[in-house]
Amino acid sequence: YIGIGRAFPLSVSGQILVSLLWGTILFGELISTGAINLIIALFAVILICVSAFLIGKTKENVAKKDYTKGIIFTFLSSLFWGSQFVPVKISGVDAYSIMLPFTIGMLLTSVTIAILKYRNKFEFFYPGNTYNLLNGVMWAIGNYLSLIAIESIGLAKGFILSQTGVVIVPALIGIFFFKEITSKKSHFLIA
């Protein structure tokens, strides 16, 4: 509804905030690192959130109704994705062992959503699905690397660091490749 250049930076910023809260409140990760590290982490998160807010304020090429829907779905995705590693952290299982159950859960959920949403209209051999399979491969590799980061340095730090590129890269793709954000004012706000 709002394009990749807006949706991903907004969603990932929300995910970073949610995972920071989980890591700090539930697992006490940043509290134990000292006041200076906590202040630096909070400052970094505030900068990321302000950047995402400025990206989100760019509304050109989006109808008002679509913009509202897009923001609602983006907020919901932030809650789910920002919380997705909490069960992993609670389980204490290493990153490699969690991948198969994680993947099966994703597969079952995706198939259920596809059946409910598309019913008789779903085409498995749609030509665009080759690209979607590649997208899934890249997502799985990035996700596995995120799990290793979280296992190594904790949820609050690992998730934030692994998601920073997910804010920057889609914003740039949305601006330069898909031309979703075109005004000079919006480019200035994003920079």
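The paragraphs below go from the overall fold of this predicted model to a few of its residues and the pairs they form.

The protein chain has 191 residues. Its secondary structure consists of eight helices and zero strands, and from the N terminus on the elements run α-α-α-α-α-α-α-α. Buried residues make up 34% of the chain. The accessible surface comes to about 12300 Å², and carbon and sulfur atoms hold 74% of that surface. Of the contacts with a separation of 6 or more, 83% are between residues 24 or more positions apart. The residues described next give examples of links across the sequence.

Ser13 is a place to start, in helix α1, which covers residues 4-26. Its relative accessible area is 2%, under the 20% limit, so Ser13 is buried. What does Ser13 touch, leaving aside its neighbours within four places in sequence? Its contacts are Ile48, Cys49, Ala52 and Val167.

Further along the chain, Asn143 belongs to helix α6, residues 129-153. With a relative accessible area of 6%, Asn143 is buried as well. Not counting residues up to four places away in sequence, Asn143 touches Gln84, Phe85, Met99 and Phe102. Met99 is 44 residues from Asn143 in sequence, while the C-alpha atoms of these two residues are 9.0 Å apart in space.

Two of the residues that Asn143 touches, Phe85 and Phe102, lead to the aromatic rings. A search of the whole structure finds two aromatic pairs. A pair of aromatic rings is described by the distance of the centres and the angle of the planes. For Phe85 and Phe102 these values are 6.2 Å centre to centre and 5° between the planes, and the pair is stacked. The word "stacked" applies because planes under 30 degrees apart count as such. Where do the two rings sit in the chain? Phe85 is in the loop between α3 (64-83) and α4 (86-91), whereas Phe102 is in helix α5 (residues 95-118), so the pair ties together parts that are 17 residues apart in sequence. Phe85 has a relative accessibility of 1% and counts as buried. Phe102, at 15%, also counts as buried. Ring pairs link these two residues and Phe159 into a cluster.

Helix α4 brings in a charged residue, Lys89. The search of the whole structure finds one salt bridge. Which residue is the partner of Lys89? It is Glu29, and the closest N and O atoms of the two are 3.4 Å apart. Glu29 lies in the loop between α1 and α2 (35-56) and Lys89 in helix α4, so this pair ties together parts that are 60 residues apart in sequence. Are the two partners buried or exposed? Lys89 is partly exposed, with a relative accessible area of 30%. Glu29, at 12% relative accessibility, counts as buried. Lys89 also lies over the face of an aromatic ring, that of Phe27, at 5.9 Å from the ring centre.

The last stop is on the surface. A nonpolar surface patch of about 780 Å² is made by Tyr1, Ile72, Phe73, Phe75, Leu76, Leu79 and Phe80. One of these residues, Ile72, is found in helix α3. Ile72 has a relative accessible area of 46%, and is therefore partly exposed, since that class lies between the 20% limit for buried and the 50% limit for exposed.

Terms used. Residues are numbered from 1 along each chain as its sequence is written. This is a predicted model: local features need pLDDT of at least 70, side-chain atom pairs count only at pLDDT 80 or more; totals for chains, interfaces and linings use all residues. Side-chain values use heavy atoms; hydrogens and water are left out. Rings of Phe, Tyr and Trp (its six-membered ring) pair if their centres lie within 6.5 Å; planes under 30 degrees apart count as stacked, over 60 as edge-to-face and the rest as tilted. Helices (H or I, at least four residues) and strands (E, at least two) are DSSP runs, numbered from the N terminus. Buried means under 20% relative accessible area, exposed over 50%, partly exposed in between (1.4 Å probe, protein chains only). A charge sits over a ring if NZ of Lys or CZ of Arg is within 6 Å of the ring centre and within 35 degrees of the ring normal. Patches are made of residues with over 30% relative accessible area and no salt bridge: like charges are joined within 9 Å, nonpolar side chains (Val, Leu, Ile, Met, Phe, Trp, Tyr) within 5 Å. Accessible areas come from the Shrake-Rupley method with a 1.4 Å probe; for residues, only the protein chains shown count as cover. A salt bridge is a side-chain nitrogen of Lys or Arg within 4 Å of a carboxyl oxygen of Asp or Glu. Contact means heavy atoms within 4.5 Å.
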